[in-house]
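Trainee: I have just opened this one and don't know where to start. Could you walk me through it?

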Amino acid sequence: MNTGVKITAFAAALAATFGTAYGVGKGIGPIDEPKKAEHGGHAEAAPKGEGAADGHAGHAEGTASAPAAGGLQVSEGGYTLALDTPTPAPGKSTLKFSIKDAAGKKVTAFTTEHGKELHFIVASRDLTVFRHLHPVKGADGTWSVAADLPAAGAYKAFADFKPAVKGAKGVTLGADLSVPGAYAPKPMPPVVPTADVDGYQVRLGGTLDPGKAGELRLTVTKAGKPVTDLEPYLGAYGHLVALRDGDLAYLHVHPNEGGPGPDVSFTATAPSSGTYRLFLDFQHEGKVRTAAFTVRAGAAPATSSAPAPTGEASHDAGGHSHG
Ligand SMILES: [Cu+2]
């Protein structure tokens with residue numbers, strides 16, 4: 001694997017992009033001029049090969065207005081998320097769907113972003129189950145992926161992609177998914193600054209602020225020792241998805257430049273105040289894990305003056321597919 005090379009190239013592209021942005025900014029004054037919201041609240045540093053012009057780079061800097069929330073619509077910009085399996089059985093199943101264009105034709109051409117043509121997220125409405133999946137595309141544009149939705153309940157599926165059309169912007173579409181059967185929604189897990197997953201403890205610092213960029217810093221330890229050899233996963237040392245409690249508005253946040261741990265830093269802007277569930281994917285020793293946190297935007301996450309209570313974290317929040 002040459003992921004080391006890839007991440008270096010990614011970092012170089014980032015540096016170049018920000019270099020340009022800063023160069024321009026210094027000439028004309030403050031560099032935190034408002035950037036237009038784009039990609040449905042997909043706050044990210046510029047991926048390689050993309051310039052600041054499309055607005056991606058701007059999200060890492062202070063913005064005066066909140067980005068629009070993504071994932072709230074099943075159709076947007078002429079694209080529709082069509083689920084072929086909207087009511088999968090509980091347990092392991094195969095989910096199938098397609099992205100249709102304005103004419104109702106299945107889209108077959110996508111732009112690779114973060115190593116994949118399409119990122120597929122499934123979360124339970126009560127935010128206790130989270131799956132970040134990478135489906136496989138058939139020749140006709142039908143996507144399929146194995147998923148394990150453990151219990152009956154209401155879920156939501158998100159497709160995060162960018163059509164391979166000149167000038168196309170990334171879009172996140174969201175569609176309801178129901179696993180038939182009786183269920184009782186679980187209460188939102190409490191706000192705690194640490195999450196335990198597979199013997200790792202992840203601590204969350206910083207703030208998620210409504211309408212303004214803030215830094216979230218996640219620190220990964222194992223058996224009390226900092227983990228300093230996180231592995232790149234999809235070209236970054238961590239991926240963060242935030243879902244808003246109430247409507248599951250979607251934010252996909254990418255990390256700031258940094259080393260392989262123990263800290264992974266993100267810049268994110270919440271589209272509004274409220275409660276969010278954050279899901280951090282990180283890879284270590286060949287396996288991707290997910291740590292989950294409940295965070296209030298508009299108030300600082302709980303701080304740790306006393307020994308931190310341990311979040312029940314993501315006993316169930318860790319589904320991954322490396323298709
Ligand atoms: Cu993905």
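Mentor: We will go from the overall picture to a few strands, a loop and then the core.

Mentor: Please keep in mind that this is a predicted model, with a mean pLDDT of 79 for the protein and 72% of the residues reaching 70 or more.

Trainee: Which residues have a pLDDT below 50?

Mentor: Residues 1-64 form one such stretch, although the model still gives them 99 contacts beyond near neighbours in sequence. Another is residues 300-316, where pLDDT stays under 50 and the model has 37 contacts beyond four places in sequence.

Trainee: OK, and how many helices and strands does the protein have?

Mentor: The secondary structure comes to 1 helix and 19 strands. Of the 323 residues, 42% are buried, and among the contacts with a separation of 6 or more, 70% are between residues 24 or more positions apart.

Trainee: What order do the strands take in the open sheet of 5 strands?

Mentor: That open sheet runs 1-2-3-7-6, and its pairing is antiparallel. At its edges are strand 1 (75-76) and strand 6 (136-137), each of which pairs on one side only.

Trainee: And inside that sheet, how many bridges are there between strand 2 and strand 3?

Mentor: Strand 2, residues 79-83, and strand 3, residues 91-100, are paired in the antiparallel sense over 4 bridges, and within this pairing alanine 82 stands opposite serine 98 of strand 3. As general background, strands in a sheet pair through backbone hydrogen bonds, in either a parallel or an antiparallel way.

Trainee: Moving on, what sits in the loop between strand 3 and strand 4?

Mentor: One residue to look at there is alanine 109. In space its C-alpha is 6.3 Å from that of proline 163, although the two are 54 residues apart in sequence. Leaving aside neighbours within four places in sequence, alanine 109 is in contact with Pro163 and Ala164.

Trainee: Why does alanine 109 count as exposed?

Mentor: Alanine 109 counts as exposed because it has 11 C-beta neighbours inside 10 Å, and the cut-off for exposed is 12 or fewer.

Trainee: What about strand 4 and strand 5, how do they run?

Mentor: They run antiparallel, with 4 bridges joining strand 4 (residues 118-124) to strand 5, and valine 122 has arginine 131 as its bridge partner in strand 5. The two strands form a hairpin with 5 residues between them, and leucine 127 in the turn has a positive phi of about 65°.

Trainee: In strand 5, which residues are on each side?

Mentor: Phe130 and His132 are on one side of strand 5 (residues 130-133), with Arg131 and Leu133 on the other, and all of them are buried, which leaves both faces covered. In general, side chains in a regular strand alternate between the two faces of the sheet.

Trainee: Which residues have the most contacts inside the largest nonpolar core?

Mentor: They are Val122, Ala123, Ala242, Leu243 and Leu278, in a core of 65 residues. Leucine 243 touches several residues outside its own stretch of four places either way, including Ala123, Leu127 and Tyr276.

Trainee: Last one: how many bridges join strand 17 to strand 14, and how many to strand 18?

Mentor: Strand 14 (residues 239-244) is joined to strand 17 (residues 274-284) by 6 bridges, while 11 bridges join strand 17 to strand 18 (residues 287-297), and each of these pairs runs antiparallel. Phenylalanine 279 of strand 17 stands opposite valine 241 and also opposite alanine 292 in strand 18. Strands 17 and 18 form a hairpin with 2 residues between them, where glutamate 285 in the turn has a positive phi of about 50°.

Terms used:
Residues numbered from 1 in each chain as written. Predicted model: local features only at pLDDT ≥ 70, side-chain atom pairs only at ≥ 80, totals over all residues. Pairing = 2+ DSSP bridges. Buried ≥ 20, exposed ≤ 12 C-beta atoms within 10 Å, placed from the backbone. Contact = placed C-beta atoms within 7 Å. Core = buried A, V, L, I, M, F, W, Y, C linked by C-beta atoms within 7 Å. pLDDT = per-residue confidence, 0-100.
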